[in-house]
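Trainee: I am new to this one, and I would like to walk through it with you. Could you show me the structure first?

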Amino acid sequence: SKAEMRHTCRGTINLATANITVEDSCNFIISNGGAQTYHLKASSEVERQRWVTALELAKAKAVKMLEESDDSGDESVSQTDKTELQSTLRTLSSKVEDLSTCNDLIAKHGTALQRSLSELETLRLPADSTEKIKQVNERATLFRITSNAMINACRDFLLLAQTHSKKWQKSLQHERDQRIRLEETLEQLAKQHNHLERAFRGATVLPAGSSGSGASTKDPCCPAKGDLSDEDDDNEFFDAPEIITVPESMGHKRTGSNISGTSSDISLDEQYKHQVEDTKKEKRTRIPYKPNYSLNLWSIMKNCIGKELSKIPMPVNFNEPLSMLQRLTEDLEYHELLDRAAKCESSLEQLCYVAAFTVSSYSTTVFRTSKPFNPLLGETFELDRLEENGYRSLCEQVA
């Protein structure tokens, strides 16, 4: 049931693409091509057949709905609505004509019947026959009154249907117009958003000192994305620009050779020293505390039943609030041991220092037992300790 789906549903399989196979007399399998496979067992062969039949019917219906939704666009839907509306109106008008014809016939035959009954009353007949004729006459009069009331009610219903159908048609047209306006607005917004993104990318490629030096031309190595055509907006992919910018205070214009990491005027180390002097930031001394949330172990175990180890979802607070790349960089904390080892003359003493440096990576494992987050492919982490300790570290997840 829908109420159970919130807390006990193991997942869903789209029936339009599912494979339903019978294993034996009571078992059957539903699979969506490898990612999910459910083995189900019925209490008897009859019940299993009922399940399989119902699922096959639902699959056929889902496939049909999918094909209809693929084939029919907005224009065809609106055309179908118009055709259906016109055919309904034609049917209603023909029924109204039939009702009016019936009304005329009832009035005509009713008048003829009452005339015939009046003629019968004038004839000299036995007393019993006269009584019977009076009763028939009264019933004919009642029938005529009822028929007139019914015809009047049908006429009122028709008038109401006509007036309300006009209102419904107007409101439907209003909704359609509003939807078209919304679609146009969304399209305009998407275009403006795309244009702004391209304009922003074009602006970020400007040289750093363009405002003061008059060198406002764009970098020839990185043309503005706004100059590209709008033919294939969906398939375009823009990577981060690999450009090293230089502060304006240095008075050095960035050239194309900066992009590859070298400059004809100034080396990267000198650039970096200038940057460090200009922008000194306070570095944090500790990582944030791990949030201490209560865990429901039973619900975690329940979600793990029947799943592969790689598909089991773990709570986010199982992990340490940093990446594995940062955790690896922490091994360089006692790097000065290697510097000391390099200065030692005794190989035994060097071996002691190297062993101490190797063991130092286990210094925090007593208190930190949780695992860091797995880095994504292409994720990087940079540790900048050039000013204090004379080294920089850059890690990347490459496989």
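**A guided look**

Mentor: Three strands, in the order E1-E2-E3, make an open sheet with antiparallel pairing. This is a predicted model, where local features need pLDDT of at least 70, side-chain atom pairs count only at pLDDT 80 or more, and totals for chains, interfaces and linings use all residues. Residues are numbered from 1 along each chain as its sequence is written, and side-chain values use heavy atoms, with hydrogens and water left out.

Trainee: Which strands stand at the edges of that sheet?

Mentor: Strands here are DSSP runs (E, at least two residues) and helices are too (H or I, at least four), numbered from the N terminus. Each edge strand has a single partner strand, so one side of it is left without a neighbour in the sheet. The edge strands are E1 (19-22) and E3 (37-41).

Trainee: How many bridges join E2 to E3?

Mentor: Two strands pair if DSSP finds at least two bridges between them. E1 and E2 (residues 27-31) pair in the antiparallel sense over four bridges, and Thr 21 stands opposite Ile 29 in E2. Ile 29 also stands opposite His 39 in E3. For E2 and E3, which run antiparallel, the number of bridges is five.

Trainee: Which residue takes a positive phi in the hairpin of E2 and E3?

Mentor: That hairpin has five residues between the strands. The phi in question is near 100°, and the residue is Gly 33.

Trainee: Which residues form the largest nonpolar core?

Mentor: A nonpolar core is a set of buried Ala, Val, Leu, Ile, Met, Phe, Trp, Tyr and Cys residues joined through side-chain atoms within 4.5 Å, where buried means under 20% relative accessible area (1.4 Å probe, protein chains only). In soluble globular proteins, nonpolar side chains tend to be buried together. The largest core has seven residues: Ile 13, Ala 18, Ile 20, Phe 28, Ile 30, Val 52 and Leu 55. Its suppliers of at least two residues each include E2 and helix H1 (45-71).

Trainee: Which side chains of E7 point to one face and are buried?

Mentor: In a regular strand the side chains alternate between the two faces of the sheet. Along E7 (residues 391-396), Arg 392, Leu 394 and Glu 396 point to one face and are not buried. Pointing to the other face, and buried, are Tyr 391, Ser 393 and Cys 395.

Trainee: What is the bridge partner of Leu 383 in E7?

Mentor: E6 (residues 380-385) and E7 run antiparallel, joined by six bridges. Their hairpin has five residues between the strands, and Gly 390 in the turn has a positive phi of about 85°. Thr 380 has Glu 396 as its bridge partner in E7. For Leu 383, the partner is Ser 393.

Trainee: Is H8 roughly parallel or antiparallel to H9?

Mentor: Axes are lines fitted to C-alpha atoms, for helices over the stretch in contact, and angles run from 0 to 180 degrees between N-to-C directions. The axes of H8 (residues 336-343) and H9 (residues 347-359) come within 8 Å and cross at roughly 170°. Angles over 145 degrees count as roughly antiparallel and those under 35 as roughly parallel, with 65 to 115 roughly perpendicular and the rest oblique. That makes H8, relative to H9, roughly antiparallel.

Definitions and conventions
Buried means under 20% relative accessible area, exposed over 50%, partly exposed in between (1.4 Å probe, protein chains only).
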